[in-house]
Amino acid sequence: MGASPLSAVWRPVRGRVVVKMPYDPSDRRGNRWWLHEQLGARIRLEYAGGKWTLARTHLRLVVTGLAERFGHVHVHLDYLENQRCDVRCQEALGNDCVCQCAGQFHGGADYQRSWIQVGETALIAANPATRRAHMLVRPD
């Protein structure tokens, strides 16, 4: 059995989500059609250099869809280590977090041991830099 085709999603700190997915010549409808089926007919897709870009709000749907379609997807999420995390992050409902908690607190996750609360809402950590988290997502 051969290797699975590579599918990957990258969410930079700023800007649109980048999606790389293999082209299947046997599917005459193509990847543009598939992305519109997954994300809606009205989304704005851009294609250049073998990669698609799309709005950040579609991150979760495209990751789930790619995992189901190809068996797995590599997900790269960039975070800013010098962006203060705050207790509002813990209460967040969306999934677009770029603060230094790297999504660990987002939506109510537990506190990391090295975080210090300063003031009523702010949390801080040392060593500011950009960090990238990588996950391999498979369908349920």
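This passage walks through the fold, the strand pairings, a few chosen residues and the salt bridges of the chain.

The model is a predicted one, so local features need pLDDT of at least 70 and side-chain atom pairs count only at pLDDT 80 or more, while totals for chains, interfaces and linings use all residues. Residues are numbered from 1 along each chain as its sequence is written, and side-chain values use heavy atoms, with hydrogens and water left out.

Starting with the overall layout, the secondary structure comes to three helices and nine strands. Here helices (H or I, at least four residues) and strands (E, at least two) are DSSP runs, numbered from the N terminus. Reading along the sequence gives the pattern β-β-α-β-β-α-β-β-α-β-β-β. The chain has 140 residues, and 37% of them count as buried; buried means under 20% relative accessible area, exposed over 50%, and partly exposed in between (1.4 Å probe, protein chains only). About 8800 Å² of the chain is exposed, with carbon and sulfur atoms supplying 51% of that area. These areas come from the Shrake-Rupley method with a 1.4 Å probe, and for residues only the protein chains shown count as cover. As for contacts (heavy atoms within 4.5 Å), take those in the chain with a separation of 6 or more: 57% of them are between residues 24 or more positions apart.

Strand β4 is a handy place to begin with the details. It pairs with strand β2 (residues 17-20) in the antiparallel sense, over three bridges; for two strands to pair, DSSP must find at least two bridges between them. In this pairing, V19 stands opposite W52 of β4. Strand β3 (residues 46-48) also runs antiparallel to β4, again joined by three bridges, and here A48 stands opposite K51. β3 and β4 make a hairpin with two residues between them, and G49 in that turn has a positive phi of about 60°.

Within β4 (residues 51-54) sits T53. T53 counts as buried because its relative accessibility is 18%. Setting aside neighbours within four places in sequence, T53 is in contact with R16, V17, V18, R44, L45 and E46. A little further along, A55 lies in the loop between β4 and α2 (59-70). With a relative accessible area of 29%, A55 is partly exposed. A55 touches R16 and V17, once residues up to four places away in sequence are left out. A55 and L45 are 10 residues apart in sequence, and their C-alpha atoms are 8.3 Å apart in space.

A8 belongs to strand β1 (residues 8-11). Its relative accessibility is 15%, so A8 counts as buried. Apart from neighbours within four places in sequence, A8 is in contact with V18, V19, K20, V73 and H74. Then there is K51: A8 and K51 are 43 residues apart in sequence, yet 9.7 Å apart in space, C-alpha to C-alpha.

Helix α1 (residues 30-39) has G30, N31, W34, L35 and L39 as its buried residues. Those buried residues of α1 pack against β4 and α2. After α1 comes G40, which has a positive phi near 115°.

Now for the charged side chains. Side chains of opposite charge can pair when their charged atoms come close. A salt bridge here is a side-chain nitrogen of Lys or Arg within 4 Å of a carboxyl oxygen of Asp or Glu, and a search of the whole structure turns up three of them. D27 and R29 meet through their side chains in one salt bridge, at 3.3 Å, N to O. D27 is buried, at 15% relative accessible area, whereas R29 is exposed, at 52%. Another salt bridge joins the side chains of D27 and R69, at 4.0 Å, N to O. This pair links distant parts of the chain, with D27 in the loop between β2 and α1 and R69 in helix α2, 42 residues apart. R69 counts as partly exposed because its relative accessibility is 25%. Put together, D27, R29 and R69 are linked in a network of salt bridges.

A further salt bridge connects the side chains of R44 and E46, at 2.9 Å, N to O. R44 counts as exposed, at 53% relative accessibility, while E46 is partly exposed, at 36%. R44 and E46 are also among the residues in contact with T53.
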